[in-house]
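This report walks through the fold of one protein chain, beginning with its sheet and ending with a few backbone details. Please keep the sequence and the structure in view while reading.

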Amino acid sequence: MRALLVLLLAAAALSAAAPAALGDADPPSDVLLLQSVYYPYQPPVSDRLRRTLDRLVAQSQKAGYPVKVAMVESSVDLGAIPQLFGRPAEYAPFLGREIAFKTKAPLLVIEPAGIATNNVTTKAQQAIQSIKVDNSKQSDGLVAAAIEAVPKMATASGHPVAAVPVPAGGGGKNGSGGTSPLIVFGAPVLLVALAALIAALRRRGEDDDDDEGEDEGDRAPARASP
């Protein structure tokens, strides 16, 4: 029972930390089902940049352009498909298919290797062609490119969103980056293990009940025949 309690507590913690964990191949496809932005796991993004992008994406949605943004700083962010790291033009349609059953929203993918899109208009694609990713700033460089791209994509698609200056990095860093891929993929595994443990405990309880019944039958006094 002590092991069961530990697993229950761990499962609750993982569920709270990663509500979107569905066990897909890549963490962004899980996160973007319930959120609009996937931030790189490491290194952490500056708070100022994160707040600016979150605000822009919310404004874009309000303007009728519900863009989804995935920023991938390393192969760790791609979970079980690290081979697509450095190939944003291939990853963007893959990710688009992964979240298509939930939404067909415009998708923006930014990696150190460049920027790619899925389910966007030709005008939106052309509007961001000149944007460059500053790889020297790592995760912050990806977010800076997204801050520049989102208003241009929305406006070019007929949903005007005012551009804002890209804030300087700093202003504090989050203690961690985006959702840990270990959490995303570990939660389903833990739940399966928990279910197996519960089943085993139930079987043990049933076996114990059967053994007790047999022992009581053996101990029951024999009745004299009339």
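In this predicted model, strands E3 and E4 form a hairpin, with 2 residues between them. The two strands of this hairpin pair in the antiparallel sense over 5 bridges, and within that pairing Glu111 stands opposite Gly114 in E4.

**The sheet around the hairpin**

The hairpin belongs to an open sheet of 4 strands, arranged in the order E1-E2-E3-E4 and with mixed pairing. Strand E1 (37–38) and strand E4 (114–118) stand at the edges and have a single partner strand each, so one side of each is left without a neighbour in the sheet. On the other side of the hairpin pairing, strand E2 (residues 68–71) and strand E3 (residues 107–111) run in the parallel sense and are joined over 4 bridges, with Met71 standing opposite Ile110 in E3.

How many residues of E3 are buried? The count is 5 of the 5 residues, so E3 is largely enclosed by the rest of the structure. In a regular strand, side chains alternate between the two faces of the sheet. In E3, Leu107, Val109 and Glu111 point one way, while Leu108 and Ile110 point the other way, and all of them are buried. Glu111, the residue placed opposite Gly114 in E4, is thus listed among the buried residues of E3. Helix H4 (residues 88–98) lies across E2, E3 and E4 and runs at about 140° to E3.

**The pair of helices H3 and H6**

Two packed helices are described by the angle between their axes and the distance between the axes. For helix H3 (residues 47–62) and helix H6 (residues 139–156), the axes come within 10 Å and cross at roughly 20°. An angle under 35 degrees counts as roughly parallel, and H3 and H6 are therefore roughly parallel to each other. H3 passes H6 in a left-handed crossing. On the H3 side the contact is made by Leu49, Thr52, Leu53, Leu56, Val57 and Ser60, and on the H6 side by Asp140, Val143, Ala146, Ile147, Val150, Pro151 and Ala154. Sorted by class, this contact of H3 with H6 comprises 10 nonpolar, 2 polar and 1 charged residues.

**Loops and backbone details**

Several backbone details fall in the loops. The peptide bond that leads from Gln42 to Pro43 is cis, with omega near -10°, and Pro43 is placed in the loop between E1 and H3. Asn119, in the loop between E4 and H5, has a phi near 60°, a positive value in a residue other than glycine. Gln138, which sits in the loop between H5 and H6, likewise has a positive phi, of about 55°, although it is not a glycine.

The loop between helix H5 (122–127) and H6 also holds Asn135. The C-alpha atoms of Asn135 and Ala113 are separated by 8.6 Å, with the two residues 22 residues apart along the chain.

The table gives the accessibility of three loop residues.

| Residue | Relative accessible area | Class |
|---|---|---|
| Asn119 | 44% | partly exposed |
| Asn135 | 41% | partly exposed |
| Gln138 | 42% | partly exposed |

Buried means under 20% relative accessible area and exposed means over 50%, so Asn119, at 44%, counts as partly exposed.

Key:
Residues numbered from 1 in each chain as written. Predicted model: local features only at pLDDT ≥ 70, side-chain atom pairs only at ≥ 80, totals over all residues. Heavy atoms only, no water. Axes fitted to C-alpha atoms, helices over the stretch in contact; angles between N-to-C directions. Parallel < 35°, antiparallel > 145°, perpendicular 65-115°, else oblique. Left-handed = near helix turned anticlockwise from the far one by under 90°. Contact = heavy atoms within 4.5 Å. Nonpolar A, V, L, I, M, F, W, Y, C, P; charged D, E, K, R; others polar. Pairing = 2+ DSSP bridges. Buried < 20%, exposed > 50% of the residue type's maximum accessible area, 1.4 Å probe, protein only.
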